[in-house]
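Please open the model in the viewer and keep the sequence panel beside it. The tour below proceeds by selection, stating at each stop what is to be found there.

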Amino acid sequence: MLRTCAVVAALLLPLPALAQEVEIRIDEALARKAGLDAAEVRADLDDELRSTLHLDALSTYLDSLANAALLATKGMGVDYATEIEAFVIGGSVGTGIDDGGFRFGRGDETLPAFGYAFQVAVMAGLNLGVLSHGEGVLSRVVVYGHGMALDTSVDVFDGSLHSVGGHVQIALVKPRGDAAASWGGLALTTGFERSHYELGLTRALPVPVPGTGGLASWDGLGEFTLGTTTDSVPVELSTHVRLLVLTVFGGAGVDMVDGGADASIRLSGDVTADVGGRETRIGTASVRYAAHGEPVTVFPRVFAGAQVHLLPVKVYAQLNAGLERGVGGHMGVRLAW
């Protein structure tokens, strides 16, 4: 009876989480031959691994990764700067940054020190007024679709990304003006967007041991993946002003967001050092970590940009800024009629 109760109790208990650990073993004799202190090598390498891989705040880092992936796609699938009379097609490339200040690059680190995501997209839009010869309520409505899938390679990582979405843009206030100068009125945009960004280790991850003057390092081999998928429903108000060939546009919106980010790290390798001019194994180190992060579920933001019109060709750049955190930007080319 007692054994049965123990089995039932064990089944009711939650399963233990994946071990979160860094294990480092350094041979003291070999370390001395390299002119190093084994205890100091262990401590320095432990600190460096935790810093490089964001181990002590991995869930927080993944939160930032998810927010960056969300920001990377904002505006790629919608034209805020053109009065679409028939249709528009185009493509763009951009990034999202969270917890990294005002920047758009990933930095020089093997793994970015902040949430970073890269994204590309192709888009197309149709003014429903073409169905009613440019008259009536349908002429105020433009529907858009966008998407893209791409494999990339960054340093020791291979990456993959995809984005997909659709939007409806309604002219609440119709544009006014002429070909020389015009105000774009006021538009309401909503829809659905999905953004996915993933990195996977494909080669040894080199981690130098600080404090050794470059004498010692660790190469980690195994599994190291970071990935995030976010779904969002934006609600935006936007406007634009055109003077000759230049248009400036801007707006504000809020995104209702779902999704998450995950990391899985199972790395091991040799700690090596220069001993008498030869690279010698002086120990081993392994990392076993897993974590989950989530984006902000209600994400308010503003956006602004500029576009140059060269007949049907439109060259533009857009900045997105979260009111509480994060920044993103992209640029692209579109053809509109």
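**First stop: Trp218 and the core**

Select Trp218 and display its surroundings: beyond its neighbours within four places in sequence, Trp218 is in contact with Leu45, Leu49, Leu205, Pro206, Val207, Leu267, Ser268, Gly269, Asp270, Val271, Ala285 and Val287. Please note that this is a predicted model. Next, widen the selection to the largest nonpolar core, which has 52 residues. Leu45, Leu49, Trp218, Phe224 and Val287 are the residues with the most contacts inside this core. Colour helix α4 (residues 58–72) as well, since this helix supplies the largest share of the core, eight residues. A second, separate core comprises eleven residues, including Val78, Ile84, Phe303 and Ala336. In soluble globular proteins, nonpolar side chains tend to be buried together.

**Second stop: the nonpolar surface patch**

Turn now to the surface and select Trp183, Val241, Leu243, Leu244, Val245, Leu246, Val248, Val308, Leu310, Val315 and Val333. Together they form a nonpolar patch with about 930 Å² of accessible area. Two or more residues of the patch come from each of β10 (216–243), β11 (246–275) and β13 (298–310). Centre the view on Val308, a patch member in strand β13. With a relative accessible area of 35%, Val308 is partly exposed.

**Third stop: Thr247**

Is Thr247 buried or exposed? Its relative accessibility is 0%, so Thr247 counts as buried. Thr247 lies in strand β11, and its side chain is joined to that of His309 by a polar contact of 2.6 Å. Display the residues around Thr247 as well; setting aside those within four places in sequence, its contacts are Ala81, His240, Val241, Arg242, Gly305, Ala306, Gln307 and His309.

**Fourth stop: salt bridges**

How many salt bridges does the count come to? The count is ten, and three of them may be visited in turn.

- Select Arg50 and Asp56, whose side chains meet in a salt bridge with an N to O distance of 3.1 Å. Arg50 is partly exposed at 22% relative accessible area, whereas Asp56 counts as exposed at 60%.
- Select Asp231 and Arg194, a salt bridge in which the closest N and O atoms are 2.6 Å apart. Asp231 belongs to strand β10 and Arg194 to strand β8 (residues 186–201), so this pair ties together parts that are 37 residues apart in sequence. Arg194 is partly exposed, at 34% relative accessible area.
- Select Asp255 and Arg301, where the closest N and O atoms of the salt bridge are 2.5 Å apart. Asp255 lies in strand β11 and Arg301 in strand β13, so the pair ties together parts 46 residues apart in sequence. Asp255 counts as buried at 0% relative accessibility, and Arg301 counts as buried at 1%.

Extend the last selection to Lys74, Glu193 and Glu236: with Asp255 and Arg301, these residues are joined into one network by salt bridges that share partners.

**Final stop: Ile170**

Select Ile170 in strand β5 (residues 157–173). At 32% relative accessibility, Ile170 counts as partly exposed. Beyond residues up to four places away in sequence, Ile170 touches Arg140, Val141, Leu186, Ala187 and Leu188. To conclude, draw a distance between the C-alpha atoms of Ile170 and Thr152: the two residues are 18 residues apart along the chain, and these atoms are separated by 36 Å.

Note on methods:
Residues are numbered from 1 along each chain as its sequence is written. This is a predicted model: local features need pLDDT of at least 70, side-chain atom pairs count only at pLDDT 80 or more; totals for chains, interfaces and linings use all residues. Side-chain values use heavy atoms; hydrogens and water are left out. Patches are made of residues with over 30% relative accessible area and no salt bridge: like charges are joined within 9 Å, nonpolar side chains (Val, Leu, Ile, Met, Phe, Trp, Tyr) within 5 Å. Accessible areas come from the Shrake-Rupley method with a 1.4 Å probe; for residues, only the protein chains shown count as cover. A salt bridge is a side-chain nitrogen of Lys or Arg within 4 Å of a carboxyl oxygen of Asp or Glu. Helices (H or I, at least four residues) and strands (E, at least two) are DSSP runs, numbered from the N terminus. Buried means under 20% relative accessible area, exposed over 50%, partly exposed in between (1.4 Å probe, protein chains only). A nonpolar core is a set of buried Ala, Val, Leu, Ile, Met, Phe, Trp, Tyr and Cys residues joined through side-chain atoms within 4.5 Å. Contact means heavy atoms within 4.5 Å. A polar contact is a pair of N or O atoms within 3.5 Å; within protein, one must be able to donate a hydrogen and the other to accept it, and residues adjacent in sequence count only if both atoms are side-chain atoms.
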